[in-house]
Amino acid sequence: MKIPDSKIPLAGANIRDIAKTFELAGFDSYDPARILLHYYRHKNADIDAIDCYPKKLRQLLKEVYSTDLLQPLFHEKSSDGTEKWLFRTTEGYPFETAWIPDQNRQTICLSTQSGCKFGCKFCMTGSLGFQAQLSAFEILSQLLAIDKPITHVVFMGMGEPLDNYDILSHVIEILTAHWGFSLAARYITVSTVGVLPTLERLGQELTCNIAISLHSPFPDQRAEIIPAERRYPIKDIIAVLEKVEFKRKRRLSFEYLLINGYNDSKEHAAALGSLISHLPAHVNLIPYNYIPGKPYKTTSLKDAETFRQELNKYGLRVTIRKSRGYDISAACGMMAGRSASTHQ
Ligand code: SAH
Ligand code: SF4
């Protein structure tokens, strides 16, 4: 076969890519899953160690594929155990990854874009504007290069995952496949402002959990802080969710940022309750991570508790999310935001 001028990153390859490489070179009798299991699940980058492949095949694989990963440029560790890494795309655009250990659960928070097009008013990534789509290689490098145990994956880092849907679904296939990371889809959550066309596809084509960033039950107020509400109204998002089957532990959650004196009143809780209580949904109340220069402040824990109790009246399961990594700029986009303004 013709060997490409530059090598193809192995991080991002799926079983069909490997089978094709084998077929073109006349090695179709060998199992293409072996190399992917070796690399993804066993995290072993040494192709020569795959001794069920003949030497010639290993040689070919080393000529075609590169096992190198994008490496983080900067790392911070919080006093609560949360860690955060800053990466740059091959073209130099910043993005970040967080790792959050919590008892027997270790969650990685992945970015899907550098920056974001949606410009939510409370969000640091939104203020950066859009820089670049991340490739499957750039997304999987986050997971492989930090070299940490991982039980859960959340797409809640920089960017809007449903604005990079084809790459997102390609990555989720690698995460869930038996030849990939073999992670059950119920341990993967995609968070979105509700990009309707791809939300519909996510509901039908994938079985991972869906988290909708809601932040206000009132369309006019939601549009004030999430401009995407004008294009993708919450009532249409809910209509799409009503058609999704939430079975086999697939979870639907609504993320609700609590902003002091803005969206944390009893009326908000009641309107939120009646908007979503017919869905099999869980509500995550998120304390707002203060960003210097923005007019929003965090709701007190006491007020968050009152808000939670009001929502409970609607039969909803509600949790108040612990704010993690406060001392290391762990809010979405804060590290990359700083890097974009100071390192470039
Ligand atoms: N674009 C997607 C996923 C990335 S943002 C989305 O918006 O859902 C992940 C979550 O972080 C969203 O719920 C978002 O509203 C929230 N978020 C953004 N800025 C925040 C801040 N300063 N404090 C707390 N949560 C924030
Ligand atoms: Fe983009 Fe999500 Fe931030 Fe909104 S909250 S600007 S959609 S990353």
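**Briefing: sheet, hairpins and two ligand shells**

Helix α11, which spans residues 301-312, lies across β12, β13 (281-287) and β14, and its direction makes an angle of about 170° with that of β14. The model described here is a predicted one. The strands that α11 lies across belong to an open sheet of 10 strands with mixed pairing, and one of them, β12 (252-258), also gives two or more residues to the shell around ligand 1.

**The sheet**

- The strand order across the open sheet is β3-β4-β5-β6-β9-β10-β11-β12-β13-β14, and the pairing within it is mixed.
- At the edges stand β3 (74-77) and β14 (317-320), and because each has a single partner strand, one side of each is left without a neighbour in the sheet.
- From one strand to the next, the twist averages 20°.
- As a general point, strands of a sheet pair through backbone hydrogen bonds, in either a parallel or an antiparallel manner.

**Two antiparallel pairs**

- The edge strand β3 pairs with β4 (residues 83-88) in the antiparallel sense over 4 bridges, and Lys77 has Glu83 of β4 as its bridge partner.
- Between β3 and β4, which form a hairpin, there are 5 residues, and in this turn Gly81 has a positive phi of about 100°.
- Strands β5 (residues 94-102) and β6 (residues 105-109) run antiparallel and are joined by 5 bridges, with Arg105 in β6 serving as the bridge partner of Asp102.

**The surroundings of ligand 1**

- Ligand 1 is surrounded by 18 residues, of which the closest are Gly159, Ser191, Ser213, His215 and Asn289.
- The residues of this shell divide into 9 nonpolar, 7 polar and 2 charged.
- An oxygen atom of ligand 1 lies 2.6 Å from an N or O atom in the side chain of Ser213, and an oxygen atom of the ligand is likewise 2.6 Å from an N or O atom in the side chain of His215.
- A nitrogen atom of ligand 1 is 3.0 Å from a polar atom of Asn289, in this case one that belongs to the backbone.
- Ligand 1 taken alone exposes 530 Å², and 93% of that area is buried by the protein.
- The elements that give two or more residues to the shell are β10 (188-192) and β12 (252-258), both of which are strands of the open sheet.

**The surroundings of ligand 2**

- The residues around ligand 2 are Cys116, Phe118, Gly119, Cys120, Phe122, Cys123, Gly126, Gly159, Glu160 and Val193, and they divide into 6 nonpolar, 3 polar and 1 charged.
- Gly159 is listed among the residues surrounding ligand 2, and Gly159 is also one of the closest residues to ligand 1.

Notes:
Residues are numbered from 1 along each chain as its sequence is written. Chains are lettered from A and ligands numbered from 1 in the order in which they are written. This is a predicted model: local features need pLDDT of at least 70, side-chain atom pairs count only at pLDDT 80 or more; totals for chains, interfaces and linings use all residues. Side-chain values use heavy atoms; hydrogens and water are left out. A residue is near a molecule or strand if one of its heavy atoms lies within 4 Å of it. A polar contact is a pair of N or O atoms within 3.5 Å; within protein, one must be able to donate a hydrogen and the other to accept it, and residues adjacent in sequence count only if both atoms are side-chain atoms. Accessible areas come from the Shrake-Rupley method with a 1.4 Å probe; for residues, only the protein chains shown count as cover. Ala, Val, Leu, Ile, Met, Phe, Trp, Tyr, Cys and Pro count as nonpolar, Asp, Glu, Lys and Arg as charged, and the others, Gly among them, as polar. Two strands pair if DSSP finds at least two bridges between them. Axes are lines fitted to C-alpha atoms, for helices over the stretch in contact, and angles run from 0 to 180 degrees between N-to-C directions. Contact means heavy atoms within 4.5 Å.
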